[in-house]
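Student: I've got a chain in front of me and a pile of labels I don't quite trust yet. Can we go through where they come from?

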Amino acid sequence: MTGSNYVYTNISPRHPGKRKCLLLSLVLGAVLLCTAGVVVYFMIGKDSTPHTIVYSSHDSRGYRALELPSQLRVTLVSDPASYIAACAVNVAAGSFADVGFPYGTAHFLEHLLFMGTTKYPGQNYADEVMSGAGGFVSAYTDSEVTNYWFIVSDHLKEALDVLAQFFIGPLITEDSIVRELSAVESEYKKGLASDLWSSHQLIRSTSSNASAFNG
């Protein structure tokens, strides 16, 4: 595989009625773009800034910004010298979206999306596909966004479909809920000794109720 594509999309969670249409357009747009042999980067989220790409004049990669009829905003980055394909979906909801108790819901949902979908029900299917394509898949929950991403060296079209299904038809079964509660709790306990997370929590607990920290 040669080349790479980075796709930036803008889907606001404030308009859930448009969600299905936009996600289907995301998948369709990705499939159409991938036939050109480009690596893909996705971002789903609210963004009121102008859709402008700023890059160095010394950058030899190709860039293109576009907006699909579904209002899906896309940024493509093509690198013919690249031997890998990368894709990231950035959802405009993170830990700041945890309003009140229980905290950690955004991180918990991040885990659950990996636990199988309607089309691909296997709980480890995404990992198996990415690994089989010479890559891997991961995710992280930040304050204002949750990011899902993968890198592969082959089978980009299949990998894109697997990731897209996270948002189209997640299963979220009782078994996966119990399993991932333990996983999230384990990660939480691991972070208790972190000075970085302790300072973050201190800022949150002493901030104004009207701040982004507290919804």
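**Labels and the reasons behind them**

Tutor: Let's begin in the loop between H4 and H5, where Ile-172 is found. Keep in mind that this is a predicted model.

Student: Why is Ile-172 called partly exposed?

Tutor: Buried means under 20% relative accessible area and exposed means over 50%. Ile-172 has 34% relative accessibility, which falls between those limits, so partly exposed is the label.

Student: And what makes the phi of Ile-172 worth a mention?

Tutor: Most residues other than glycine have a negative phi. For Ile-172, phi is near 50°, a positive value, and the residue isn't glycine.

Student: Which other residue has a positive phi without being glycine?

Tutor: Take His-155, with phi near 55°. You'll find His-155 in the loop between strand E5 (146-152) and helix H4 (156-168).

Student: How do you know whether His-155 is buried, exposed or partly exposed?

Tutor: Use those cut-offs again: under 20% is buried, over 50% is exposed. The relative accessible area of His-155 is 44%, so His-155 counts as partly exposed.

Student: Okay, on to helices. Why are H2 and H5 called oblique to each other?

Tutor: Start with the angle: the axes of H2 (residues 105-112) and H5 (residues 174-191) cross at roughly 125° and come within 9 Å. Roughly perpendicular covers 65 to 115 degrees, and roughly antiparallel needs over 145. An angle of roughly 125° fits neither range, so H2 and H5 are oblique.

Student: Which hand does the crossing of H2 and H5 have?

Tutor: The crossing is right-handed. On the H2 side, the contact is made by His-107, Phe-108, His-111 and Leu-112. H5 brings Ser-176, Ile-177, Glu-180, Leu-181, Ala-183, Val-184 and Glu-187.

Student: How do the residues of that contact divide into nonpolar, polar and charged?

Tutor: There are 6 nonpolar, 3 polar and 2 charged. Glu counts as charged, so Glu-180 and Glu-187 go in that group.

Student: Now the whole chain. How many helices and strands are there?

Tutor: The chain has 6 helices and 5 strands. Along the sequence, the pattern reads α-β-β-β-α-α-β-β-α-α-α.

Student: And what percentage of the residues count as buried?

Tutor: Of 215 residues, 42% do. As for the surface, the chain exposes about 12100 Å², with carbon and sulfur atoms supplying 59% of that area.

Notes. Residues numbered from 1 in each chain as written. Predicted model: local features only at pLDDT ≥ 70, side-chain atom pairs only at ≥ 80, totals over all residues. Heavy atoms only, no water. Helix = DSSP H or I, 4+ residues; strand = E, 2+ residues; numbered from the N terminus. Buried < 20%, exposed > 50% of the residue type's maximum accessible area, 1.4 Å probe, protein only. Areas by Shrake-Rupley, 256 points an atom, 1.4 Å probe, with all protein chains shown as cover. Axes fitted to C-alpha atoms, helices over the stretch in contact; angles between N-to-C directions. Parallel < 35°, antiparallel > 145°, perpendicular 65-115°, else oblique. Left-handed = near helix turned anticlockwise from the far one by under 90°. Contact = heavy atoms within 4.5 Å.
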